[in-house]
Amino acid sequence: MKNENFISVDKNDDGIDRAGFLKCMAWAGTGLFCMMSGGVMKSYGMSQLIDKNIGLLKKGLTLPKADFTFAQISDSHIGFNKPANPDVVGTLQAAIGKINAMPVAPSFILHTGDLSHLAQADEFDTLDQEMKSAKTGKIFYVPGEHDVLNDNGKQYLQRYGKDTKGDGWYSFDYNGVHFIGLVNVVNTSEGGLGVLGNEQLEWLQKDVKGLSSSTPIVVFAHIPLWAVYPQWGWGTRDSEQALSYLKRFGSVSVLNGHIHQTLQKVEGNITFHTATSTAFPQPQPGTAPAAGPMKVPAEQLRTLLGVTSVDYVEHNHTLAVTDTPLVIANK
Amino acid sequence: MRVSKKYGVIAALGIVVIAGIAAVPAPANEYKNLKVLPKDISTKDLSRIMIDDFEDGLGVSCGFCHAEEKDSHKLDYASDEKPEKEIARLMMKMTLDVNEKYFQVTHPLIGDSTLAINCTTCHNGHPRPGDTE
């Protein structure tokens with residue numbers, strides 16, 4: 001006997017075809033390729049540099065000379081398996097593939113957090129395994145809020161926190177540039193805003209105290225250190241104090257992840273960059289009820305992962321998200 | 001000879017006791033105040049529910065339901081100070097009931113991908129269903 005109280009068919013027709021989705025996801029996994037020249041950082045989206053068909057630098061493009069280069073990738077979310085991207089390992093591999101296809105291997109890679117989705121040991125293991133295939137000298141990490149779930153970051157620190165302070169912050173010098181990795185995810189406050197905290201701020205003040213004002217500074221942390229969209233927690237509650245310690249320096253670059261899209265802003269001597277995710281897109285600020293994985297039709301995914309600029313490169317020989325146009329060889 | 005036999009028995013008993021202790025399964029988690037979710041839930045399952053169902057489904061972060069500790073911004077996950085946490089418990093019970101009663105889901109569990117109805121079904125990224133901003 002038919003029971004009217006029961007719903008026998010539950011359809012969820014989201015229009016996404018897995019094969020088509022994976023095909024488009026070949027475009028995903030973008031990262032940022034950064035070049036330091038005379039203390040000034042220039043950045044390039046790697047999707048714009050690499051020809052996906054041949055896996056090499058696009059024909060006709062030559063990178064400007066640089067003192068050294070490094071790459072930034074972010075928000076790999078290993079363990080995520082929802083329709084926004086059921087193959088986050090594949091898209092991380094795509095990002096690493098682009099790094100490995102660069103004509104000059106980056107001196108190191110910065111991963112700006114959310115290595116894992118649920119801070120599970122197997123997720124970190126997978127991330128580590130995949131990152132081993134990256135052709136680079138070293139990989140530096142800072143945690144995202146997903147990496148410190150459950151244990152306030154104990155496991156993260158055990159794996160990636162050697163020679164760091166507090167919750168995992170540290171600094172290092174490379175070729176005259178001072179790099180500072182900050183942690184703003186352990187004490188995220190109500191509303192999701194990042195927090196650096198007094199202990200880390202005091203450390204930062206001391207860390208830069210002895211540096212000359214001409215020292216180029218690169219700061220990297222997971223949650224943006226500028227108020228991208230505080231309503232969604234896209235900002236850091238006490239970032240202004242941190243940035244006040246950096247105002248006297250001539251060149252400061254701040255690299256963040258968390259928001260899964262490329263945004264740039266220049267404020268005085270400080271240039272802010274946010275990176276796309278290697279895993280899934282998120283909506284632009286204020287265009288959706290809330291932040292979160294954005295499930296889109298496969299044909300739109302390429303646009304939302306920031307690959308529109310590929311066409312822009314081909315037609316105009318410049319880079320949409322870059323600070324500097326590429327040099328055209330043999331012209 | 002008799003003495004060594006006695007020690008042998010004691011040692012054997014000791015091994016049995018130690019083995020017994022080792023065989024007691026370690027607690028799956030250290031959660032102190034679970035009332036609707038299974039008390040032996042794994043950290044992975046609980047994290048997935050918090051992130052995929054609550055955070056993404058309602059468009060909120062942890063602090064929406066969890067109160068901060070008295071003297072820091074750290075969250076006190078066991079605290080029931082915020083009323084939103086109790087509402088979340090009621091919502092979980094309601095979701096399980098709806099799945100069982102109207103969708104014939106046997107033994108429904110929050111976070112199970114086979115549920116017919118979940119948080120997102122009604123909330124769709126909003127803290128309160130029907131909110132448009």
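**Exercise 1.** Which residue stands opposite A:Met36 in β6(A)? Use the answer to place strand β1 of chain A among its partners.

Solution.
Step 1. The model is a predicted one. In β6(A), the residue opposite A:Met36 is A:Phe68.
Step 2. This pair belongs to the pairing of β1(A) with strand β6 (residues 68-73) of chain A, which is antiparallel and has five bridges.
Step 3. β1(A) also pairs with strand β2 (residues 40-45) of chain A, again in the antiparallel sense, over six bridges. There A:Leu32 faces A:Gly45 of β2(A).
Step 4. As for burial, five of the six residues of β1(A) (residues 32-37) are buried, and the strand is mostly covered.

**Exercise 2.** Find the order of the strands in the open sheet of chain A, and name the edge strands.

Solution.
Step 1. Strands of a sheet pair through backbone hydrogen bonds, in a parallel or an antiparallel way.
Step 2. Next to β6(A) lies a parallel pairing: four bridges join β6(A) to strand β7 (residues 108-111) of chain A. One bridge partner pair here is A:Ile73 with A:His111 of β7(A).
Step 3. The open sheet has five strands in the order β2-β1-β6-β7-β8 of chain A, and its pairing is mixed.
Step 4. β2 and β8 (138-141) of chain A are the edge strands, each pairing on one side only. From one strand to the next, the twist averages 25 degrees.

**Exercise 3.** Is A:Gln120 buried or exposed? Give the reason, then list what A:Gln120 touches.

Solution.
Step 1. A:Gln120 sits in the loop between β7 and α4 (121-131) of chain A.
Step 2. Within 10 Å of A:Gln120 there are 20 other C-beta atoms. The cut-off for a buried residue is 20 or more, so A:Gln120 counts as buried.
Step 3. Leaving aside residues up to four places away in sequence, A:Gln120 touches A:Gly79 and B:Lys44.
Step 4. A:Pro289 is 169 residues from A:Gln120 along the chain, and their C-alpha atoms are separated by 29 Å.

**Exercise 4.** How many residues does each chain give to the contact between chain A and chain B? Describe the side of chain B.

Solution.
Step 1. Chain B gives 21 residues and chain A gives 24 residues.
Step 2. On the side of chain B that touches chain A, the elements giving two or more residues are α2 (43-58) and α3 (83-103) of chain B.
Step 3. α2(B) supplies the largest share of that side, seven residues.
Step 4. By type, the residues of that side are four nonpolar, 11 polar and six charged.

Technical notes
Residues are numbered from 1 along each chain as its sequence is written. Chains are lettered from A and ligands numbered from 1 in the order in which they are written. This is a predicted model: local features need pLDDT of at least 70, side-chain atom pairs count only at pLDDT 80 or more; totals for chains, interfaces and linings use all residues. A residue is buried if 20 or more other C-beta atoms lie within 10 Å of its own, exposed if 12 or fewer, and partly exposed in between; C-beta atoms are placed from the backbone. Two strands pair if DSSP finds at least two bridges between them. Two residues are in contact if their C-beta atoms, placed from the backbone, lie within 7 Å. Ala, Val, Leu, Ile, Met, Phe, Trp, Tyr, Cys and Pro count as nonpolar, Asp, Glu, Lys and Arg as charged, and the others, Gly among them, as polar. Axes are lines fitted to C-alpha atoms, for helices over the stretch in contact, and angles run from 0 to 180 degrees between N-to-C directions.
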